[in-house]
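Grab a pencil: here are some short exercises on aromatic rings and the charges around them. Have a look at the model, try each task, then check the solution.

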Amino acid sequence: MAKKISGVKGMEDLFDSEEVQKWLKVEQTARRVFKPAGFQEIRTPILEESDLFERSVGETTEIVEKEMYTLLDRNDKRLAMRPEGTAPIVRAFVEHFTSHNVQEARFLYMGPMFRYERPQKGRLRQFHQIGAEVFGSDHPLLDAEMISLVHRLFTELGLESFQLQLNSLGSRDDREKYRATLAKFLDGIKDRLCEECQRRIVRNPLRALDCKKPGCIEATANAPLLPDSLAPESAEHFAVVQAGLKSQGVEFSLNPRLVRGLDYYEKTVFEFTSGELGAQNAVAGGGRYNDLVQELGGPAVPAIGFALGMERLVSILPEEAGKSSGAPRVYLLGLDPQSEQWLFGQLRELRAIGAVVELDFGGVSLKSKMRRADRWKAEWVVLLGEEERKRGVAILRDMQNQSQEEVPMSELFMRLTSRLPTMHFLKM
Ligand code: HAM
């Protein structure tokens, strides 16, 4: 036998039918929640120029420094498989919308992202995100709206235990000043920090605040915190966001150490976490990025967005989310070529009732065909052989009650419809 080829480490096949059902449910619910709020769906390519992520996510971030899948194409152009969705959406917005003077837009997107991380539970190299981005306003109530929509999505999906953490990184100015203050503080306790955080002092001091190593957590316990150094305008913005969330009944806690792993954020940042997820507990995250559109060559258009991790979300959904539509299953058995031909002609109409209908292509004897119907979990079997055909009837068998009756071939559609639950269109 030829050697088997395995899938790539950290990249998963999705095939379990309950799992697939959960994915569909999340995608449908996301559309149902976001579309009425004015979001249009957008799809961008998996490959982008590497520069796009270096200039947005940030050259000193772990994502760009260590985790990007990059390649040279045949023309030596540096490309990257997108590690996240925001930068490509901004690129597309600048390319297709701002050229027509559009300064406002709302996008919803779904698709695979790639990060060369060490695979573990909830951490993959190919994972999937659903995200949304809003361009055109710096209004703090928009931040509250964005976060409330994510909250609604999770509630509609029946998610039971999740927490929302909120922080403000202030304006770019606030952040630059704070960066210097923090770097000075970290320098003073340098010996107590892990190697990674020592390097961060110069490159990305804010990330030292959410280092998970116990030594670093202890050493930075008294670090100056960002919310204490916000300018009045940023503090006011943050206060309105919080009031907006409270008015929507969205519970949150403030986490002054929440800094996020991407460089483009300012002002509001947030993360939804779940205790059921283990170490990789963030199920969604996002925030405001008011300068990014301009930094990527567009006009000065403020923006905010979020993305959720599909695999993580699906792993904590309630079981019911994996239940399939319950559409009735009908198996058609033809015992000779003409009967098969006739049944073949019925497939389209029967499927239009909303039933799941298959024509048997396998067994030879009636016995083996019936075994296949059982394996397929048929609720109804339609049997047709030469003898029945001559009399113009087919046998309709109820597999649950083990009863059967003869129905005129010309009435098969009607009879079956009357026995199936009313117009059972496939539900998601
Ligand atoms: P992020 O926090 O890097 O943000 O990713 C969002 C979510 O994707 C995470 O909360 C997590 O659930 C999931 N995720 C990230 N990495 C992995 C991985 N290796 N394996 C499995 N799941 C993962 C962003 O990507 C931003 N673009 C979000 C955003 C949109 N900010 C503004 N707009």
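**Exercise 1.** Find which residue lies over the face of tyrosine 116, and do likewise for tryptophan 376.

*Solution.* Start with tyrosine 116: arginine 125 lies over its face, 3.8 Å from the ring centre. Then take tryptophan 376, where arginine 329 sits over the face at 4.1 Å from the ring centre. The rule asks for NZ of Lys or CZ of Arg within 6 Å of the ring centre and within 35 degrees of the ring normal.

A word on the ground rules: this is a predicted model, where local features need pLDDT of at least 70 and side-chain atom pairs pLDDT 80 or more, while totals for chains, interfaces and linings use all residues. Residues are numbered from 1 along each chain as its sequence is written, and side-chain values use heavy atoms, without hydrogens and water.

**Exercise 2.** Count the aromatic pairs, then classify the one between phenylalanine 162 and phenylalanine 272.

*Solution.* Rings of Phe, Tyr and Trp (its six-membered ring) pair if their centres lie within 6.5 Å; planes under 30 degrees apart are stacked, over 60 edge-to-face, the rest tilted. That rule gives 17 aromatic pairs. Phenylalanine 162 and phenylalanine 272 are 6.0 Å apart centre to centre with 50° between the planes, a tilted pair.

**Exercise 3.** Work out whether phenylalanine 272 is buried or exposed, and how it pairs with phenylalanine 270.

*Solution.* Buried means under 20% relative accessible area, exposed over 50%, partly exposed in between (1.4 Å probe, protein chains only). Phenylalanine 272 has 0%, so it is buried. Its pair with phenylalanine 270 is edge-to-face, at 6.2 Å centre to centre and 85° between the planes. Phenylalanine 270 is buried too, at 0%.
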